[in-house]
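Biologist: I would like to learn how to read a model of this kind, feature by feature. Where should we begin?

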Amino acid sequence: MSQSIAVIKGDGIGPEIMDATLRVLDALDCGLTYQHIDAGLGALEKHGTLIPQASLDAIEKYGIALKGPLTTPIGKGFSSINVQLRRHFDLYANVRPAISFPGTRSRYDDIDMITVRENTEGAYLSDGQEMIDDGDTGISVIKVTRKGSERIVRYAFELAKNNGRKKVTAVHKANIIKTSSGLFLDVAREIAKEYPEIEFQEMIVDNACMQLVMNPHQFDVVVTTNLFGDILSDLCAGLVGGLGLAPGANIGEKAAIFEAVHGSAPDIEGKNIANPCALLLAAAQMLDHLGMNDKGDAIRLGIRTVLETRRDMVTPDMGGTGTTDSFAQALVEYVQS
Ligand code: NAD
């Protein structure tokens with residue numbers, strides 16, 4: 001049966017890398033039907049809003065969206081569409097794999113881990129929920145709930161269980177921020193008991209930063225609260241060579257949105273040199289989410305193979321002499337071989 005997904009091509013390099021990604025998905029014969037929806041600068045011109053109601057309705061209807069990067073216009077009155085989508089659909093889990101690929105400049109070449117960041121509470125509250133900002137004193141609030149902690153920790157354990165991963169590390173600062181981080185840790189310990197087959201480790205965030213840099217291979221799935229997750233997931237992207245190959249998923253009960261972590265790169269728009277890998281890896285995450293793990297694996301293995309063997313087809317940011325189109329073509333040839 002065909003599965004419909006909402007597709008946001010995005011701004012800047014978005015359409016180029018989305019076209020490349022959809023070519024590869026088509027070659028894999030995933031049985032997906034694409035419902036193209038407006039968002040970003042194009043939507044602003046056409047509808048006067050960055051994310052029209054019809055686009056939100058389509059994401060709700062199909063439950064899955066593949067999204068190119070969106071430009072947030074500079075100036076007052078525009079809030080990030082990503083934040084809007086996260087709030088609208090209560091996308092509580094931000095899931096970011098950090099996997100080493102050949103040909104990247106990085107400290108390690110064999111990292112394979114996933115960060116699971118709580119996406120809706122912690123230190124990132126809606127406007128107006130901050131405590132004091134009188135010009136002399138700023139006081140912010142950290143909100144952690146049992147419900148929010150339970151669902152993110154359970155998500156991390158289920159992810160580990162369903163993907164043959166062996167260990168979940170809960171990262172916290174319960175020794176100092178006893179109330180909120182303490183609650184998160186208590187809940188993590190409780191949920192861990194439901195998964196005796198998966199090793200549970202707890203680690204204070206400052207130590208986690210050092211351990212990630214010194215000995216990252218000890219990590220498998222890392223689960224943490226919003227602010228720590230924001231920082232740690234970028235640290236992990238740095239371990240595997242930066243944001244160029246970093247995909248991310250934002251998962252909620254009713255919708256899941258898959259995207260590249262990088263932005264719309266207006267400096268290289270229209271030049272056919274944008275690297276499509278991050279969006280392709282996001283599409284692979286989407287296929288995993290839809291239960292098509294074999295096809296997700298085919299994309300990951302294809303990227304690895306093309307990076308190793310077809311330097312002439314790879315984009316310049318990866319040291320190749322190819323284009324966005326040739327990178328996609330090499331992957332299409334790989335999956336059809
Ligand atoms: P950026 O990620 O767009 O670009 C940073 C640098 O990386 C640029 O030199 C760019 O050319 C390069 N780059 C990025 N992606 C690349 C790719 N796939 N292949 C080759 N090179 C690539 O960050 P920025 O310049 O700070 O932001 C530009 C716009 O993107 C802003 O409007 C910002 O709000 C938006 N943005 C959107 C998202 C998103 O939608 N998820 C994320 C970050 C930034």
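Modeller: What follows takes the sheet, two helices, some single residues and the ligand shell in turn. Bear in mind that this is a predicted model.

Biologist: How should I read the sheet, and what is the order of its strands?

Modeller: Start with the strand order and the sense of pairing. Here the sheet is open, has ten strands with mixed pairing, and runs in the order 2-1-3-12-11-4-5-10-8-9. Strand 2 (32–36) and strand 9 each have a single partner strand, so they stand at the edges with one side lacking a neighbour in the sheet. From one strand to the next, the twist averages 25°.

Biologist: Which way do strand 3 and strand 12 run, and how many bridges join them?

Modeller: Strand 3 (residues 64–67) and strand 12 (residues 256–260) run parallel and are joined by four bridges. Within this pair, Lys67 is opposite Glu259 of strand 12.

Biologist: And strand 8 with strand 9: how many bridges are there?

Modeller: Those two are parallel as well, with six bridges between them. His172 has Ile204 in strand 9 as its bridge partner.

Biologist: Is strand 8 largely enclosed or open?

Modeller: For burial, count C-beta neighbours: a residue with 20 or more within 10 Å is buried. Five of the six residues of strand 8 meet that test, so the strand is largely enclosed by the rest of the structure. Helix 6 (residues 180–192) lies across strand 8, strand 9 and strand 10 (221–224), and its direction makes an angle of about 165° with strand 8.

Biologist: How do I tell which side of a helix faces inward?

Modeller: An α-helix has 3.6 residues a turn, so residues three or four places apart point the same way. Look for burial that follows this spacing.

Biologist: Which residues of helix 7 are buried?

Modeller: In helix 7 (residues 205–214), the buried residues are Val205, Ala208 and Leu212. Their arc around the axis is only 45°, which means they sit on the same side of helix 7. Asp206, Asn207, Met210 and Met214 are exposed on the other side.

Biologist: What covers the buried residues of helix 7?

Modeller: The cover includes strand 8 (167–172), strand 9 (199–204) and helix 8 (226–239). Strand 8 and strand 9 are the parallel pair already described.

Biologist: Next, backbone angles. What is phi of Asp29, and where does the residue lie?

Modeller: Check the sign of phi, and whether the residue is glycine. Asp29 has a positive phi, near 55°, and is not a glycine. Its place is the loop between helix 1 (14–27) and strand 2. Asp29 has 10 other C-beta atoms within 10 Å, so it is exposed.

Biologist: What is phi of Asn272?

Modeller: Phi of Asn272 is also positive, near 60°, again in a residue other than glycine. Asn272 belongs to the loop between strand 12 and helix 9 (277–289). With 15 C-beta neighbours inside 10 Å, Asn272 is partly exposed.

Biologist: How should I read sequence separation against distance in space?

Modeller: Set the two values side by side for a given pair. Ile64 and Ala6 are 58 residues apart along the chain, yet 6.2 Å separates their C-alpha atoms. Ile64, in strand 3, touches Ile5, Ala6, Ala256 and Met286, leaving out residues up to four places away in sequence. For Arg86 and Asp110, 24 residues apart along the chain, the C-alpha separation is 31 Å.

Biologist: What does Arg86 contact?

Modeller: Arg86 is found in helix 4 (residues 81–88). Apart from neighbours within four places in sequence, Arg86 is in contact with Leu91, Asn119 and Asn250. It has 19 other C-beta atoms within 10 Å, so Arg86 counts as partly exposed.

Biologist: Last, the ligand. Which residues come nearest, and how does the shell divide?

Modeller: Begin with the nearest residues, then sort the shell by residue class. Of the 20 residues around the ligand, Thr71, His262, Gly263, Ala265 and Asn275 come nearest. The shell is made up of nine nonpolar, eight polar and three charged residues.

How values were computed. Residues numbered from 1 in each chain as written. Predicted model: local features only at pLDDT ≥ 70, side-chain atom pairs only at ≥ 80, totals over all residues. Near = placed C-beta within 6 Å. Nonpolar A, V, L, I, M, F, W, Y, C, P; charged D, E, K, R; others polar. Buried ≥ 20, exposed ≤ 12 C-beta atoms within 10 Å, placed from the backbone. Arc of directions from axis to C-beta. Contact = placed C-beta atoms within 7 Å. Pairing = 2+ DSSP bridges. Axes fitted to C-alpha atoms, helices over the stretch in contact; angles between N-to-C directions.
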